[in-house]
Amino acid sequence: MSAPMTISSPAFADGEAIPRQFSCDGDNVSPPIEWAGVPDDATSLALVVRDPDAHGFVHWVVYDMDPSATGGLQVGWSTTADAAPQGENGRGTIGWTGPCPPSGTHHYEFRLLALDGLLNLAAGPSADDVLGAADGHTLAEATLTATYARS
C-alpha cells in the first residue's frame with residue numbers, strides 16, 4: 001500500500017501562520033507548495049484555497065496541474081508563464097490573492113485533489129466549478145491549513 005497523498009509548504013507548517021510576504025500586507029505572491037504520494041494513475045492535480053472564517057472566501061484556484069511536476073510550486077508561481085490554468089478568486093481576479101482578514105485570526109485551507117483526468121474547463125472557473133468537475137474523478141485528497149492575522 002502506498003503512502004497517502006500529502007500537501008505542505010516550505011514557508012509554513014500545517015497549523016502555523018502564513019508569512020506576511022504572501023499576504024496583502026506583504027508582496028501578495030503565491031506561497032510555495034509541495035506534494036507527495038500522488039497516486040501513479042493521477043492525470044492532473046487541482047488546488048483550491050479558501051478561508052472558512054470568511055464564508056469560504058476563495059484565495060486561489062488552480063487546475064489541470066501536471067502531477068509529475070518536480071519541486072511543486074515555487075514562490076510567486078501563480079504569475080509565471082509556467083503556471084497551470086487558474087480560476088477566479090474572491091476578488092474577481094485570476095490567480096492568488098493573499099490573506100487579508102479584516103479582524104482576528106483566519107484559517108486558510110489548501111485543498112489538493114489528485115484527479116483521473118484533465119478538467120478542461122473554460123477560462124477562469126470558480127472554485128465551485130473546479131470542485132464540481134472533480135466530483136467523481138478524485139483519486140486522492142490532501143489538506144494543509146494555515147492561519148493569518150493582520151498586525
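This report covers the fold, surface and nonpolar cores of one protein chain.

The model is predicted: local features need pLDDT of at least 70, side-chain atom pairs count only at pLDDT 80 or more, and totals for chains, interfaces and linings use all residues. Residues are numbered from 1 along each chain as its sequence is written, and side-chain values use heavy atoms, leaving out hydrogens and water.

The protein chain has one helix and six strands, in the order β-β-β-β-β-α-β along the sequence. Helices (H or I, at least four residues) and strands (E, at least two) are DSSP runs, numbered from the N terminus. The radius of gyration of the protein chain is 14 Å, close to the 15 Å that the globule rule gives for 151 residues, so the chain is as compact as a globular protein of that length. This radius is taken over C-alpha atoms, and the rule is 2.2 Å times the number of residues to the power 0.38. Buried residues make up 44% of the 151 residues, where buried means under 20% relative accessible area (1.4 Å probe, protein chains only).

A nonpolar core is a set of buried Ala, Val, Leu, Ile, Met, Phe, Trp, Tyr and Cys residues joined through side-chain atoms within 4.5 Å. The largest core has 28 residues, with Leu47, Trp60, Met65 and Phe110 making the most contacts (heavy atoms within 4.5 Å) inside it. The strands below each supply at least two residues of this core.

| Strand | Residues |
|---|---|
| S3 | 44-51 |
| S4 | 57-65 |
| S5 | 105-115 |
| S6 | 138-149 |

S6 gives the most, with five residues. A second, separate core of twelve residues includes Leu113, Leu119, Leu131 and Ala134.

Key
Buried means under 20% relative accessible area, exposed over 50%, partly exposed in between (1.4 Å probe, protein chains only).
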